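This report describes one protein model for a reader who is new to structural terms. Please keep the sequence and the structure in view while reading.

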Amino acid sequence: MLTDDAFARRLRDQLEAGGLSGSFLVRDLDTGEELGIDADETVPIASLVKLPLAIATVGRIARGELDGAALYDVDPGRITTPGPMGISRFRHPARVALDDLVYLTVAVSDGSASDVLFELTPPDMVAAELARIGVAGIAVRHTAHAFVETPLERLDADDAALAYDLAIGADSSPNGHRLPQLDVSVANSGSARALIDLVQALWMPTAIAEPVAARVRELMASNVVRWRLAPDFASDASTWASKTGTLLNLRHEVGVVEHRDGARYAVAALTRSGVAAASQPAAEALMASVARSMRDRLRAR
């Protein structure tokens with residue numbers, strides 16, 4: 001049988017052959033056993049930042065600092081590039097309750113909705129909440145709107161590949177990048193391990209109040225993005241709750257699979273593609289296959 005190191009090397013080779021690199025971590029929430037690939041590497045987390053934002057917001061609602069029924073006027077995003085959903089694509093203003101804005105932020109990954117949440121609970125307050133619940137390694141520096149203004153939004157559809165070329169070619173790993181959204185020193189950033197610690201704090205809450213944790217778990221279970229890791233983890237005998245993050249050549253997902261027999265595994269897959277294309281179903285399938293292989297190895301022990 002392969003050692004864990006040899007197993008990880010084989011998975012790295014599979015990722016490289018598919019044009020991907022990245023950080024993975026799978027943790028058995030009940031035993032603490034885990035398997036990882038570069039799990040402590042810091043990367044831009046894109047829309048995964050909406051997860052700590054939701055935790056902070058739902059916590060403030062639970063404490064009475066914010067009113068979940070309060071209505072907020074939200075400007076239309078009028079975004080026409082592929083990807084964003086919800087109010088981000090609206091053509092006209094909308095009035096939405098705070099509770100529903102939280103739903104849109106997590107389940108639909110709506111940037112316009114999350115920016116309203118950030119106005120109420122700015123990045124420094126979200127960072128303070130992470131510190132309060134004891135989760136280190138996630139840097140929350142800016143709002144959702146700040147990290148979607150990439151060259152992709154400034155180019156015609158026919159020239160979109162140029163934005164992906166820039167994202168790939170301007171990478172000066174391990175940390176720097178010409179695009180600020182992809183530079184871990186200025187972007188919202190974190191590691192696979194830090195994100196697994198965050199979801200563990202939701203599934204095994206101590207510092208987070210149980211009603212708050214339960215609400216965020218419910219929102220993650222409502223995630224509409226079901227084509228990345230979900231096909232390898234959701235079944236009639238298991239449930240999959242997660243949050244995704246996508247930005248240029250980055251494809252991320254973090255979540256928890258719960259099996260009918262009671263076993264629970266937290267999964268983080270943070271990937272970077274070396275292929276200059278927006279639609280890469282093979283990359284989505286590959287990252288899911290790698291994560292599933294890691295979960296299967298842990299489950300077999």
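Of the 301 residues in the protein chain, 52% count as buried, where buried means under 20% relative accessible area, exposed means over 50%, and partly exposed lies in between (1.4 Å probe, protein chains only). The model is predicted, so local features need pLDDT of at least 70 and side-chain atom pairs count only at pLDDT 80 or more, while totals for chains, interfaces and linings use all residues. Residues are numbered from 1 along each chain as its sequence is written, and side-chain values use heavy atoms, with hydrogens and water left out.

The protein chain has 11 helices and 11 strands; these are DSSP runs numbered from the N terminus, with at least four residues for a helix (H or I) and at least two for a strand (E). Among contacts in the protein chain with a separation of 6 or more, 67% join residues 24 or more positions apart. Contact here means heavy atoms within 4.5 Å.

**Residues in loops**

The table lists four loop residues with their places and relative accessible areas.

| Residue | Loop between | Relative accessible area |
|---|---|---|
| Asp38 | strand E2 (34-37) and strand E3 (43-44) | 37%, partly exposed |
| Ala70 | helix H2 (50-62) and strand E4 (71-74) | 21%, partly exposed |
| Ser109 | helix H3 (98-107) and helix H4 (111-120) | 17%, buried |
| Thr143 | helix H5 (123-132) and helix H6 (144-148) | 27%, partly exposed |

Asp38 has a positive phi of about 50° although it is not a glycine. Ser109 is also a residue other than glycine with a positive phi, near 55°.

Ala70 is in contact with Val96, Ala97 and Leu98, leaving aside its neighbours within four places in sequence. The C-alpha atoms of Ala70 and Arg95 are separated by 9.9 Å, with their positions 25 residues apart along the chain. When residues up to four places away in sequence are not counted, Thr143 touches Asp115, Phe118, Pro123 and Asn188. Thr143 and Lys50 are 93 residues apart in sequence, and 9.3 Å apart in space from C-alpha to C-alpha.

**Aromatic rings**

The structure holds 1 aromatic pair. Phe233 and Trp240 form this pair, which is stacked, at 4.9 Å centre to centre and with 15° between the planes. Rings of Phe, Tyr and Trp (its six-membered ring) pair if their centres lie within 6.5 Å; planes under 30 degrees apart count as stacked, over 60 as edge-to-face and the rest as tilted. Both Phe233 and Trp240 are buried.

At another ring, that of Phe7, the charged end of Arg297 sits over the ring, 4.6 Å from its centre. This term requires NZ of Lys or CZ of Arg within 6 Å of the ring centre and within 35 degrees of the ring normal.

**Cavities**

A search of the whole structure finds 2 cavities of 30 Å³ or more. On a 1 Å grid over the protein atoms alone, a cavity is a set of points where a 1.4 Å probe fits but cannot get out, and lining residues have an atom within 4 Å of a point. The second largest cavity holds about 40 Å³ of space. Its lining includes Ser21, Glu41, His252 and Arg272. Strand E1 (20-28), strand E10 (250-259) and strand E11 (264-273) each supply at least two residues of this lining, and the largest share, 3 residues, comes from E11.

How values were computed:
1 Å grid on protein atoms, 1.4 Å probe; cavity = no way out; pocket = protein on both sides within 12 Å on 5 of 7 lines; lining within 4 Å. Points joined across faces, edges and corners; volume = space filled by probe spheres on them.
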